[in-house]
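Q: I have a structure open and would like to talk through its packing, its charged pairs and its empty space. Can we go topic by topic?

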Amino acid sequence: MNRQMLRRAIIGAALATPLALALPAMAESPALTLVVGASPGGTTDRVARGIAQEMSAILGQTVIVENKPGAGGNIAATEVARAPKDGNTLLVSYSSFSVNPSLYKKLPFDPEKDFSPISMLAEVPSVLVARKDFPAQSVKDLIALAKKDPGKYSFAVGGIGSSLHMATASFQMEAGIEALTVPYKGTSPAMQDLVGGQVDLMFASVVNVLPFRGTDRIKILGVTSPEPMSQFPGVPPIAQTIDGFSSKAWFGMFGPAGIPQARLEQLNRAVVEGAKQASFVKLIEPEGGTVVTTTPQELADFVHKDIERYAKVVEFTGATAG
């Protein structure tokens, strides 16, 4: 190789090297992580994984789900509150997000100031059930019995501070009755004791009640949705007895406070569009869930009102944590 050819080769290599190094950086974008404050397999986890798949296709960005259960979702929320403000670390949370400010004596974050609301995702109602030989055939009968003998009957609760606990407390508060609350570590063991007759009543998720539909192993007294549910034909909404009664678990997406407006709008569009996809709708239908999407401001307003609402319910229960 003569001197001129060698010079050309050196110049070509010098020009090509920066371009080769730059290409991967241009082609790759950082992954988006959805942090979930619940264990794998539950409703919150399924909602997160379902929307992750839709958002990945819409944004053209890898979306990863990380489960960080514990402390009623507070571990996951704390991590996201402290995350970079680029919109690549987000929280998929649930009703406890509104309950915890009243339930816990001190939180490591402010649920309204330390997050950027993105959108609601879904709502899921619950079902009021009783042991098979419970001496009431309706919500009206149940209230009459409980008022006649205050404290005689028991409600199983599948977790202190959960949406089902709040449904139980809201029901007692609005019905004006007194009953014993029996806490369990999960809805499944609580349901087992209800079926076995160890407890009288409980609010349970749709998926926990469906296996008993059409059997004589439990009584299904009412649903917490304002309208009847197709999964339980003939079972009336509790609102027909207690005017305006409604209790639903909700699921929403948040980022750390300070996400740039353009990125926030991009994420909101991806969630809203993703939640409309048939695959996501079908994912939550077995839970009795419905897709509910919002603007960031609508979710912020909802959380503010929900925190105020649950403060009264938590005070009624006398429950504390942390």
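Q: Are Phe-171 and Phe-245 buried or exposed?
A: Phe-171 and Phe-245 are both buried, and I should say at the outset that this is a predicted model, with local features taken from residues whose pLDDT is at least 70.

Q: And which aromatic pairs are there, starting with how many the structure holds?
A: The structure holds 11 aromatic pairs. Among them, Phe-155 and Phe-203 form a stacked pair, with 6.3 Å centre to centre and 10 degrees between the planes. Phe-155 belongs to strand E5 (residues 154-157) and Phe-203 to strand E7, so this pair ties together parts of the chain that are 48 residues apart in sequence. Both Phe-155 and Phe-203 are buried.

Q: What is the geometry of Phe-171 with Phe-245?
A: Phe-171 and Phe-245 form an edge-to-face pair, at 6.1 Å centre to centre and with 90 degrees between the planes. This pair links distant parts of the chain, since Phe-171 sits in helix H6 while Phe-245 sits in the loop between strand E8 (218-223) and E9, 74 residues apart.

Q: Which residues form one aromatic cluster?
A: Phe-97, Phe-109, Phe-115, Trp-250, Phe-254 and Phe-302 form one aromatic cluster.

Q: Phe-254 caught my eye; which residue has Phe-254 as its bridge partner in E9?
A: Leu-91 has Phe-254 as its bridge partner in E9, and E3 and strand E9 (residues 248-256) pair in the antiparallel sense over 4 bridges.

Q: What about E1 and E3, parallel or antiparallel?
A: Strand E1 (residues 32-36) and E3 pair in the parallel sense, again over 4 bridges, and within this pairing Thr-33 has Thr-89 of E3 as its bridge partner.

Q: How many residues of E3 are buried?
A: In strand E3 (residues 89-94), 6 of the 6 residues are buried, so the strand is largely enclosed by the rest of the structure. Both of its faces are covered, with Thr-89, Leu-91 and Ser-93 buried on one side and Leu-90, Val-92 and Tyr-94 buried on the other.

Q: Switching to charges, how many salt bridges does the structure hold?
A: There are 8 salt bridges in the structure. One of them joins the side chains of Glu-287 and Arg-46, at 2.1 Å from N to O. It links distant parts of the chain, with Glu-287 in the loop between helix H10 (278-284) and strand E10 (290-291) and Arg-46 in helix H2 (residues 43-59), 241 residues apart.

Q: How accessible is each partner, Glu-287 and Arg-46?
A: Glu-287 counts as buried, at 4% relative accessibility, whereas Arg-46 counts as partly exposed, at 29% relative accessibility.

Q: Which residue forms a salt bridge with Arg-131?
A: Arg-131 forms a salt bridge with Asp-200, and the closest N and O atoms are 2.6 Å apart. Here too the pair links distant parts of the chain: Arg-131 is in strand E4 (residues 115-131) and Asp-200 is in the loop between helix H7 (187-195) and strand E7 (201-205), 69 residues apart. Arg-131 and Asp-200 are both buried.

Q: Which residues are linked in a network of salt bridges?
A: Glu-66, Lys-68 and Glu-79 are linked in such a network, and within it the side chains of Glu-79 and Lys-68 meet at 2.5 Å, N to O. Glu-79 lies in helix H3 and Lys-68 in the loop between strand E2 (63-67) and H3, so this pair ties together parts that are 11 residues apart in sequence.

Q: On to empty space, what lines the largest cavity?
A: The lining consists of Gly-72, Gly-73, Asn-74, Ala-77, Ser-93, Ser-96, Phe-97, Asn-100 and Phe-109. Helix H3 (74-81) and helix H4 (96-103) are the elements that give two or more residues to it, and H4 gives the most, with 3 residues. The lining divides into 3 nonpolar, 6 polar and no charged residues, and the space inside is about 50 Å³.

Q: And what volume does the largest pocket have?
A: The largest pocket has a volume of about 860 Å³. Of the 39 residues that line it, Tyr-94, Gly-158, Ser-162, Ser-163 and Thr-187 are the closest to its centre. Its lining divides into 14 nonpolar, 23 polar and 2 charged residues.

Definitions and conventions. Residues numbered from 1 in each chain as written. Predicted model: local features only at pLDDT ≥ 70, side-chain atom pairs only at ≥ 80, totals over all residues. Heavy atoms only, no water. 1 Å grid on protein atoms, 1.4 Å probe; cavity = no way out; pocket = protein on both sides within 12 Å on 5 of 7 lines; lining within 4 Å. Points joined across faces, edges and corners; volume = space filled by probe spheres on them. Nonpolar A, V, L, I, M, F, W, Y, C, P; charged D, E, K, R; others polar. Salt bridge = Lys/Arg side-chain N within 4 Å of Asp/Glu carboxyl O. Buried < 20%, exposed > 50% of the residue type's maximum accessible area, 1.4 Å probe, protein only. Pairing = 2+ DSSP bridges. Phe/Tyr/Trp six-rings, centres within 6.5 Å; stacked < 30°, edge-to-face > 60°.
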